[in-house]
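This report describes selected salt bridges and one sheet, with the terms explained where they are used. Please keep the sequence and the structure in view while reading.

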Amino acid sequence: MRGTGKADVFAMLAHPVGHAKSPGAFNALFEDRGLDSLMVPMTCTPDRLEDLWAGLDAMQNLRGIIVSIPYKGKLLEKAVKAHPRAARVGAANVLRRLPEGGWEADNFDGYGFVMAMKTKGHVMQGKRALLVGAGGGGSSIAHCLAEEGVAELTIADVDADRAEALAAAVRREFPACSVVTGPADPAGMDIAVNATPIGMKPADPLPMAIENARPGMVIFDIIMEPSETRLLQEARARGCHAEAGRPMMDCQMQAWVDFFDVDRKNRDV
């Protein structure tokens, strides 16, 4: 029986949150495994985050939180412990409550991206990559692309200072990778990634100069809703490998399940 007074509660926090797929995926998993657990979508405007956080932190049966735009950096600040991959990018996409109190953060965005790419048979080592978006998700993907051995990485963002800060951070961690900032132009690239929310709304412009994409290159859009963005439609029409965001989340699911210990393997109750 699910939803009893003993239920583990998990939250999915984003603003907006209507596009989030995690609550549905986790609640289906809880149902399949017969777990007395549930995940609830939550949202608030950025000016009310501290109010919401006070309640979440005080909620003793809240076991974990999945975090999306625009709260990945702010939620990392709430953690007393962070995995190096979250700390190095300054953003968390998941937190769990520690038995001794406080929260532990991790970031599986880059991990999910890399696994999705590999599942589709795409090679990253030695390739030239464009990353559009230097926020929390983009930062994680940038580090993981460098870790996977891309030869060149160009980072584009509307905030030039943020793009340069990310480029500098990746260069420090992975000096063998040539990392620069530049325009959101896939010309000459093997891989181009949209790690921005541009494309979630029908009236949004394209996040990159897709007219310069060449057939055979990989265009990856991390947006999950809609599943087929205009960028992917344009990429497919140009003969590119168009990869949507849902597989990236699917590849994170087992990592999240283990991180949260949803089966309660390491707990007495």
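E234 is partly exposed, with a relative accessibility of 23%, where buried means under 20% relative accessible area, exposed over 50%, and partly exposed in between (1.4 Å probe, protein chains only). The model is a predicted one, in which local features need pLDDT of at least 70 and side-chain atom pairs count only at pLDDT 80 or more, while totals for chains, interfaces and linings use all residues. Residues are numbered from 1 along each chain as its sequence is written, and side-chain values use heavy atoms, with hydrogens and water left out.

E234 takes part in a salt bridge with R238, a term that requires a side-chain nitrogen of Lys or Arg within 4 Å of a carboxyl oxygen of Asp or Glu. The count by this rule is 19 salt bridges, among them the following pairs.

| Salt bridge | Closest N to O |
|---|---|
| R238 and E234 | 2.6 Å |
| D51 and R48 | 2.6 Å |
| D157 and R162 | 3.1 Å |

R238 is partly exposed at 30% relative accessibility, whereas D157 is buried at 18% and its partner R162 is partly exposed at 40%. Salt bridges also link D8, R63 and R264 in a network.

Turning to the sheet, its 6 strands form an open arrangement in the order β9-β8-β7-β10-β11-β12 with parallel pairing, where strands are DSSP runs (E, at least two residues) numbered from the N terminus and two strands pair if DSSP finds at least two bridges between them. The edge strands, β9 (178-181) and β12 (241-243), each pair on one side only. Strand β11 (residues 218-221) is joined to β12 by 3 bridges, and I219 has A242 in β12 as its bridge partner.

How values were computed:
Helices (H or I, at least four residues) and strands (E, at least two) are DSSP runs, numbered from the N terminus.
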